[in-house]
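Welcome to this short briefing. Have the sequence and the 3D view open, and look up each residue as you meet it.

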Amino acid sequence: MYYVRSSNSLYLINDAANGAQPGVINPGTAGAPVSNSQCSIANAGPVTTSGNALTVPVSVTFASSFTGAKNVYGLATNDAGASSDWNTLGTWTPSASQIPAAVSVTPVNGHGASQTFTATYSDPAGAADLNVSYLLFNSSLSGPGGCWIYYVQSTSSLYLINDAATGTQPGSVTPGVAGASVSNNQCAISNGGAVTAAGTTLAVPVTVTFSPGFTGTKNVYALTINNASVSSPWQTMGTWGPQ
């Protein structure tokens, strides 16, 4: 990558190293990342100066195929065209995106028409790296006709998928805040307490009241997706009998 101070612009060289990829990053300004086959670069904050030092921050996300220890090199050119040598500044070892996981649902393997469940998810990069987490009660791993709940960590909001699994029911639940419930034909969800995050673990409580017509033992499934859109597999956490 290279930075042009006069325009406050960061560019990423293409795979063949014969030009820049389309797009530009303006440090300190929100915008879309720029990618080639090895990495993506994005805004990481404004450029700063202090005395004779220029500090250029950049957020780099390495492609999963760009593996092994890499050398880190730097070079600068001044306004008179004088250039430093390429300097080896250290090393960095990219690693593939770490996969988050659905850990548990409690209670499970029981029965009852109304219950507060706590779904626990984890991410090796830390609980804050989790984006969206799902919890599904149904006879099979299928959204239509199920009690399908999802939690968005950035807004601390719980949603309920509609009967056809084509969108969400109107309204949402904020964990830890008393308020109205949200319902479809299979269940209603309401506040079950505050979400907790500790280290790599996120615990999401939700009170579920099953509809009288939602009968028979249901499987309990969970899945989570991190901020890099890396998803865990659907996990079968156990069963629950609504009636």
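Which residue lies over the face of Phe 66? Lys 70 does, at 4.4 Å from the ring centre. Keep in mind as you explore that this is a predicted model. The points below cover the disulfide, the aromatic rings, a surface patch and some backbone details.

**The disulfide**

- One disulfide turns up when the whole structure is searched. Its partners are Cys 147 and Cys 187, with 2.1 Å between their sulfur atoms.
- This disulfide links distant parts of the chain, since Cys 147 belongs to strand β14 (residues 147-152) and Cys 187 to strand β17 (residues 187-191), 40 residues apart.
- The link of Cys 147 and Cys 187 is right-handed, with 85° about the S-S bond.
- Are these two cysteines buried or exposed? Cys 147 has a relative accessible area of 0%, so it is buried. Cys 187 also counts as buried, because its relative accessibility is 1%, and buried means under 20%.
- Another cysteine to look up is Cys 39, which counts as buried at 10% relative accessibility.

**Aromatic rings**

- How many aromatic pairs does a search of the whole structure find? The search gives twelve.
- One of the pairs is made by Phe 117 and Trp 240, whose ring centres are 5.0 Å apart. Their planes meet at 85°, so the pair is edge-to-face; the cut-off for that label is over 60 degrees.
- Phe 117 sits in strand β12 (residues 114-122) and Trp 240 in strand β21 (residues 235-241), so this pair ties together parts that are 123 residues apart in sequence.
- Phe 117 is buried, at 1% relative accessible area, and Trp 240 is buried too, at 4%.
- Tyr 134 and Trp 148 form an aromatic pair that is tilted, with 6.0 Å from centre to centre and 45° between the planes.
- The pair of Tyr 134 and Trp 148 links distant parts of the chain: Tyr 134 is in strand β13 (residues 130-138), Trp 148 is in strand β14, and they are 14 residues apart. Both Tyr 134 and Trp 148 are buried.
- Strand β14 is worth a second look, as it holds Trp 148 of this tilted pair and Cys 147 of the disulfide.
- Which residues form one aromatic cluster? They are Phe 117, Phe 137, Phe 210, Phe 214 and Trp 240.
- Phe 214, a member of that cluster, has the charged end of Lys 218 over its ring, 4.4 Å from the ring centre.

**A nonpolar patch on the surface**

- Val 72, Leu 89 and Trp 92 make a nonpolar surface patch of about 320 Å².
- Val 72 is part of strand β8 (residues 70-74). With a relative accessibility of 33%, Val 72 counts as partly exposed.

**Backbone details**

- Most residues other than glycine have a negative phi, and most peptide bonds are trans. The next three points go against that pattern.
- Where is the cis peptide bond? It joins Thr 106 and Pro 107, with omega at about -10°. You can find Pro 107 in the loop between β10 (101-106) and β11.
- Ser 156 is not a glycine, yet its phi is positive, at about 50°. Ser 156 is in the loop between β14 and β15 (157-160), and at 23% relative accessibility it counts as partly exposed.
- Ala 165 is not a glycine either, and its phi is positive at about 60°. Look for Ala 165 in the loop between β15 and β16 (182-183); its relative accessibility of 26% makes it partly exposed.

**Sequence distance and space**

- How many residues apart in sequence are Ala 113 and Thr 61? They are 52 residues apart, and in space they are 46 Å apart from C-alpha to C-alpha.
- Ala 113 is in the loop between β11 (110-111) and β12. Ala 113 counts as partly exposed, at 37% relative accessibility.

How values were computed
Residues are numbered from 1 along each chain as its sequence is written. This is a predicted model: local features need pLDDT of at least 70, side-chain atom pairs count only at pLDDT 80 or more; totals for chains, interfaces and linings use all residues. Side-chain values use heavy atoms; hydrogens and water are left out. A disulfide is a pair of cysteine sulfur atoms within 2.5 Å. Helices (H or I, at least four residues) and strands (E, at least two) are DSSP runs, numbered from the N terminus. Buried means under 20% relative accessible area, exposed over 50%, partly exposed in between (1.4 Å probe, protein chains only). Patches are made of residues with over 30% relative accessible area and no salt bridge: like charges are joined within 9 Å, nonpolar side chains (Val, Leu, Ile, Met, Phe, Trp, Tyr) within 5 Å. Accessible areas come from the Shrake-Rupley method with a 1.4 Å probe; for residues, only the protein chains shown count as cover. A salt bridge is a side-chain nitrogen of Lys or Arg within 4 Å of a carboxyl oxygen of Asp or Glu. Rings of Phe, Tyr and Trp (its six-membered ring) pair if their centres lie within 6.5 Å; planes under 30 degrees apart count as stacked, over 60 as edge-to-face and the rest as tilted. A charge sits over a ring if NZ of Lys or CZ of Arg is within 6 Å of the ring centre and within 35 degrees of the ring normal.
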